[in-house]
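Q: I'm new to this structure and would like a close look at a single part of it. Could you pick one strand and walk me through its surroundings?

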Amino acid sequence: MGLVCIPTSSVHTLFLVCCAFVVSQALGVRTSPPHKSLPFIWPLPAKFSFGNETLSVDPALSLSGNGASSAIVRDAFDRYKGIVFKHGDRFSFLRTLRPVYDVTKLSITVHSLNEELQLGVDESYNLFVSGAQVHSGAGQVTIEASTVFGALRGLETFSQLCSFDYTTKTVQIYKVPWSIRDKPRFPYRGLLLDTSRHYLPVDVIKQIIESMSYAKLNVLHWHIIDEQSFPLEVPTYPDLWKGSYTKWERYTVEDAYEIVNFSNMRGINVMAEVDVPGHSASWGIGYPDLWPSPSCKEPLDVSKKFTFDVLSGILTDMRKIFPFELFHLGGDEVDTDCWTNTSRVNKWLQNHNMTAKDAYQYFVLKAQNIALTKNWSPVNWEETFDTFPTKLHPQTVVHNWLGPGVCPKAVAKGFRCIFSNQGVWYLDHLDVPWDVVYTAEPLEGIQRASEQKLVLGGEVCMWGETADTSDVQQTIWPRAAAAAERLWSQRDSTSGNVNIIALSRLQYFRCLLNRRGVPAAPVTNLNARTAPVGPGSCFEQ
């Protein structure tokens, strides 16, 4: 039925209780929480209190307050009404009497209607659900936020408080009054999506973006291009997308615009990546002069001005599409043998008194300068920091992936850092269980408050070698939600025994995703994205 906090410990009891009161689109289920004080809201809010009343919610719920003047807020309100009232009032004409509802409107107050979405935008919100008034009998629901994007986060939380009662066939809010004061722990909470190893249709990307908003993730790191394929249209160099797998597996400029705008409406930034100088063999299918030689196709030819002209053209075209202040330039896994083994390139190195390592640095720094001239802050994978840390531009964001201990070193030198340790946050590693994802800590090894502030947050990475439309969402969810709570919720309230603090709450959220149409896999399977081992409730898998 709803969000209640009653102690019970056994999974079997949880299953029976769930079966009795399951299933709403907003997924309020009368289950026992893992801890007396922890509600089934994911990610866990910073501060909250609740009571013991129940309110019904009108399917004709209206929006009031100055937030209604924002297109972003209005659009989100309509989306969440569709989720909360999935069962709807479709057959109300069969009723002789219209029910009287306790909650008939939702008030949203936003202190700034500026709709520019950038890193660090204020996503805090307060959500209040008051009990039924003595005289009017009505309850009130209010969301207060500094920005429209905070209002979006509040709407998500509100939707998780609502639950469909199958007996009365109405949407209810349980444990009223609610007081929730919430804000994210980190400003950068991301998911990497790789569309080079396998092409993902635009509609699938949008489905993933929608699901990200349910977990309050706020950055889609779009790894568009890699050595296997170049699916993106670049008007300045129109032959580049000849590197796509087929002419049907491409993204037009309009597609990219649509993805960015769709994300923006959900408070999600899109950080594009053009990985250079390695991971780039597909570029040369359209422009073979970018290869060091026909038999040695990457890294990109460092010796030619044309290489950097193309790179600059790509970034110029992409800057028109991607407004986010961060742009990812890759820089990882660069094998420079093609440069030294190609006589023409090797002669250029000698003439410029460069080693292959020097040329790697030269390329990365030149790419950074191109991005900086377009008002982007460059993001680079950690190998660049490991190899020439003193040469990187001070605005560089170091992206950790190889293992632990990188962010502490990066922030100690004044760089910002994004945490994505592959041992815990690479979703293509199917043997990494949910609890390992959940307990990973971006600030591990960083004690000084001034250095902790340089850790922007983190992202889970959905590399696409073994993931396509058939299984990508099952691979992302529910483990990405475990990282989402680590990045949003306060550390002290989500530390301890994860089986007590988080397991049943994550199982609950996984079922919420399923009921919203997201094919999230079972939580506790030995390997990610595998099917259930047998019959049973969603809430015990």
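**A close look at strand E9**

A: Let's start with strand E9, residues 188-194, which is mostly covered: seven of its seven residues are buried. Keep in mind as we go that this is a predicted model.

The side chains of E9 point in two directions. Tyr 188, Gly 190, Leu 192 and Asp 194 point one way, while Arg 189, Leu 191 and Leu 193 point the other way, and all are buried. Buried here stands for a relative accessible area under 20%.

Next, the neighbours. E9 runs parallel to strand E16 (residues 455-462), and six bridges join the two. E9 also pairs with strand E10 (residues 219-223), again in the parallel sense, over five bridges. Gly 190 is a handy place to see both pairings: Glu 459 stands opposite Gly 190 in E16, and Val 219 stands opposite Gly 190 in E10.

How does helix H4 come into the picture? Together with E9 and E10, helix H4 (residues 202-214) makes a β-α-β unit, and the unit is right-handed.

Helix H4 also leads us to a salt bridge. The side chain of Glu 210 meets that of Arg 79, with an N to O distance of 3.6 Å. This pair links distant parts of the chain, since Glu 210 lies in helix H4 and Arg 79 in helix H2 (residues 71-84), 131 residues apart. Glu 210 is buried, and Arg 79 is buried too. The two also belong to a network of salt bridges that links Asp 75, Arg 79, Glu 210 and Arg 266.

As background, side chains of opposite charge can pair when their charged atoms come close. The count for this structure comes to 20 salt bridges, and two others are worth a visit for contrast.

One of them joins Asp 309 and Lys 305, whose side chains meet at 2.8 Å, N to O. Both residues lie in helix H7 (residues 305-319), four residues apart, or about one turn of the helix. Are these two residues buried or exposed? Asp 309 is partly exposed because its relative accessible area is 30%, between the cut-offs of 20% and 50%. Lys 305 is exposed, as its relative accessible area of 62% lies over 50%.

The other is formed by Arg 505 and Glu 485, whose closest N and O atoms are 2.6 Å apart. Arg 505 sits in helix H18 (residues 498-515) and Glu 485 in helix H17 (residues 479-488), so the pair ties together parts that are 20 residues apart in sequence. Arg 505 and Glu 485 are both buried.

Finally, a look at some enclosed space. The structure holds six cavities of 30 Å³ or more, and the second largest has about 50 Å³ of space. Its lining is made up of Leu 117, Val 260, Ser 263, Asn 264, Ile 268, Asn 269, Val 270, Pro 323 and Phe 324. Helix H5 (253-264) and strand E11 (269-273) are the elements that give two or more residues to this lining. H5 gives the most, with three residues. By type, the lining residues of this cavity divide into six nonpolar, three polar and no charged.

To return to where we began, E9 is a strand with seven of its seven residues buried, paired with E16 and with E10.

Terms used:
Residues numbered from 1 in each chain as written. Predicted model: local features only at pLDDT ≥ 70, side-chain atom pairs only at ≥ 80, totals over all residues. Heavy atoms only, no water. 1 Å grid on protein atoms, 1.4 Å probe; cavity = no way out; pocket = protein on both sides within 12 Å on 5 of 7 lines; lining within 4 Å. Points joined across faces, edges and corners; volume = space filled by probe spheres on them. Nonpolar A, V, L, I, M, F, W, Y, C, P; charged D, E, K, R; others polar. Buried < 20%, exposed > 50% of the residue type's maximum accessible area, 1.4 Å probe, protein only. Pairing = 2+ DSSP bridges. Right-handed = clockwise from strand over helix to strand, strands pointing away. Salt bridge = Lys/Arg side-chain N within 4 Å of Asp/Glu carboxyl O.
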